[in-house]
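Here are my notes on the model you sent, set out as numbered points. Please read them with the structure open beside you.

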Amino acid sequence: MTEAVRQGPLAGLKVIEFTHMVMGPAAGVILADLGADVIKVEPATGDATRELKGSGAGYFVMYNRNKRSIRLDMKSQEGLATAKALCAGADIIIENFRAGALDRLGLSYEALSEINPGLIYCSEKGFLPGPYEHRTALDEVAQMMGGLAYMTGPAGRPLRAGASVIDVTGGMFGVIGILAALEERRRTGRGQLVRSALYETTAFLVGQHMAQKAVTGTAARPMPERISAWSIYDVFQTRDGEGVFIGVVTDKLWLVFCDLFGLGDLRANEAYALNNARVAARDQILPTVREVISQYTRAELIDMLSPSGLPFAPIARPEDLFDDPHLNTGGLIDVTMPNDEVVRLPSLPIEMDGRRFNKAAAAPKSGEHQEAVLAEIVRL
């Protein structure tokens, strides 16, 4: 077992994971990085997620590090008996298969809690109970149904976000529920069923736009067409053809911005002293600002903006993050892939008592820990 599993705030907890794709594994990898012993139960032929191509090629290695892997034929009596024995000795189960799939195998929360009353069973689905609960959902389905795709793309062109944000966030909400259930178990001695879902996760994320409609009476416009709350809050093109986002979000920062870029005439104009007036005058202000900023290279802008206190961001691609100097101070973790190659991937984005959870880890080979895990069942 890796050191990251042996140590950490969740050390001593045993998690059995019946998952695939992203949502369930994302919940499991958070628990694993925090020190829980996460045992990934794969089908006899191995988790099909391992073989995904294209945009799915990174799913397995990103969301399955620090776990132990066994393979079970759940359609056989022996495999099913082994699965039940694992669950009998577990603190937590995570599953994200089609509704009712584990229930039909006798692995429902109701069945397993009879033999393990302290069990916390996290079921991650497309929908929480309601009219839609038996529908099949994916990250993309939830983004389309929940309004996030509408908000991301321009009007008439709904666009899913550029990462599996609903799968991952839904997994995170599952972990929040698990941690809350652990605290209740500490007080009561009993486990419980925890559910999280893609659709309700999406609704939570767009809740700010629902609240905007409730507060203002006006429906939120898609983000590419929104009316910004600030006059300078945009991506600007540099002399070398790169993009840099700059935001000026207070009247004090407006003065800093004008001084930094030599915009004395704009600074001196009393009509632009307050933010709301500047927003109304965006069409007059922005052409001048764009022309001035276009005279600088990306590197020059970063050097100028870094000490200024102005919010800014050079536009990066995911592959740029491998060499990011900030992430390389603790935000990346060495992960050994099942083919034994080592890659640098993001660690958990949290720090606890000065600790970062970024020790070297591995994504397991299919069935790699079969013998060790089965031997542990005997000792339960």
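**Notes on the predicted model**

1. Just after helix 2, G35 adopts a positive phi of about 110°. The model is a predicted one, and this backbone angle, like every other value below, should be read as computed from that prediction.

2. Helix 2 itself, which spans residues 23-33, is mostly covered, with 11 of its 11 residues buried. The buried residues are M23, G24, P25, A26, A27, G28, V29, I30, L31, A32 and D33, a list that includes the charged residue D33 as well as nonpolar ones such as V29 and I30.

3. The largest nonpolar core of the model has 35 residues, and those with the most contacts inside it are V15, L31, A36, I92, I94, I120 and I178. At least two residues of this core are supplied by each of helix 2, helix 3 (59-63), strand 4 (92-95), strand 5 (120-125), helix 8 (165-188) and strand 10. Helix 2 gives the largest share, 6 residues.

4. Within that core, I178 is one of the residues with the most contacts. Leaving aside residues up to four places away in sequence, I178 touches L31, I92, I94, I120, C122 and V194. A second core, separate from this one, holds 23 residues, among them L253, L263, L266 and L305.

5. K14 deserves a look of its own. This lysine is found in strand 1, which covers residues 14-18, and K14 counts as buried because its relative accessibility is 18%, where the cut-off is under 20%. The K14 side chain makes a polar contact with the side chain of E376, at 3.3 Å. When residues up to four places away in sequence are not counted, K14 touches D37, I39, R68, G89, A90, D91, I92 and E376.

6. Which residues of helix 4 are buried, and which exposed residues does the opposite face carry? Helix 4 runs over residues 77-88, has 12 residues and reaches 16 Å from its first C-alpha to its last, close to the 16 Å expected at 1.5 Å a residue. G79, L80, T82, A83, L86 and C87 are its buried residues, and, seen down the axis of helix 4, the buried residues fall within an arc of 160°, so they line one face of the helix. The face turned away from that buried side carries the exposed residues Q77 and E78. As background, an α-helix has 3.6 residues a turn, so residues three or four places apart point the same way.

7. An open sheet of 3 strands is ordered 11-10-14, and its pairing is mixed. Strand 11 (342-346) and strand 14 (361-362) are the edge strands, each pairing on one side only. Strand 10 (residues 332-336) and strand 11 run antiparallel and are joined by 5 bridges, and T336 stands opposite V342 in strand 11.

8. Two further residues can be set beside the buried ones. A299 lies in helix 15 (residues 298-305) and is partly exposed, with a relative accessible area of 47%; A299 and P314 are 15 residues apart in sequence and 9.1 Å apart in space, C-alpha to C-alpha. I227 sits in the loop between helix 10 (207-216) and strand 7 (232-237), and I227 is exposed, since its relative accessible area is 77% and the cut-off is over 50%. From C-alpha to C-alpha, I227 and L266 are 22 Å apart in space, with their positions 39 residues apart in sequence.

Definitions and conventions
Residues are numbered from 1 along each chain as its sequence is written. This is a predicted model: local features need pLDDT of at least 70, side-chain atom pairs count only at pLDDT 80 or more; totals for chains, interfaces and linings use all residues. Side-chain values use heavy atoms; hydrogens and water are left out. Two strands pair if DSSP finds at least two bridges between them. Helices (H or I, at least four residues) and strands (E, at least two) are DSSP runs, numbered from the N terminus. Buried means under 20% relative accessible area, exposed over 50%, partly exposed in between (1.4 Å probe, protein chains only). A polar contact is a pair of N or O atoms within 3.5 Å; within protein, one must be able to donate a hydrogen and the other to accept it, and residues adjacent in sequence count only if both atoms are side-chain atoms. Contact means heavy atoms within 4.5 Å. A nonpolar core is a set of buried Ala, Val, Leu, Ile, Met, Phe, Trp, Tyr and Cys residues joined through side-chain atoms within 4.5 Å. The expected span of a helix is 1.5 Å times one less than its number of residues. The arc is that of the directions from the helix axis to the C-beta atoms.
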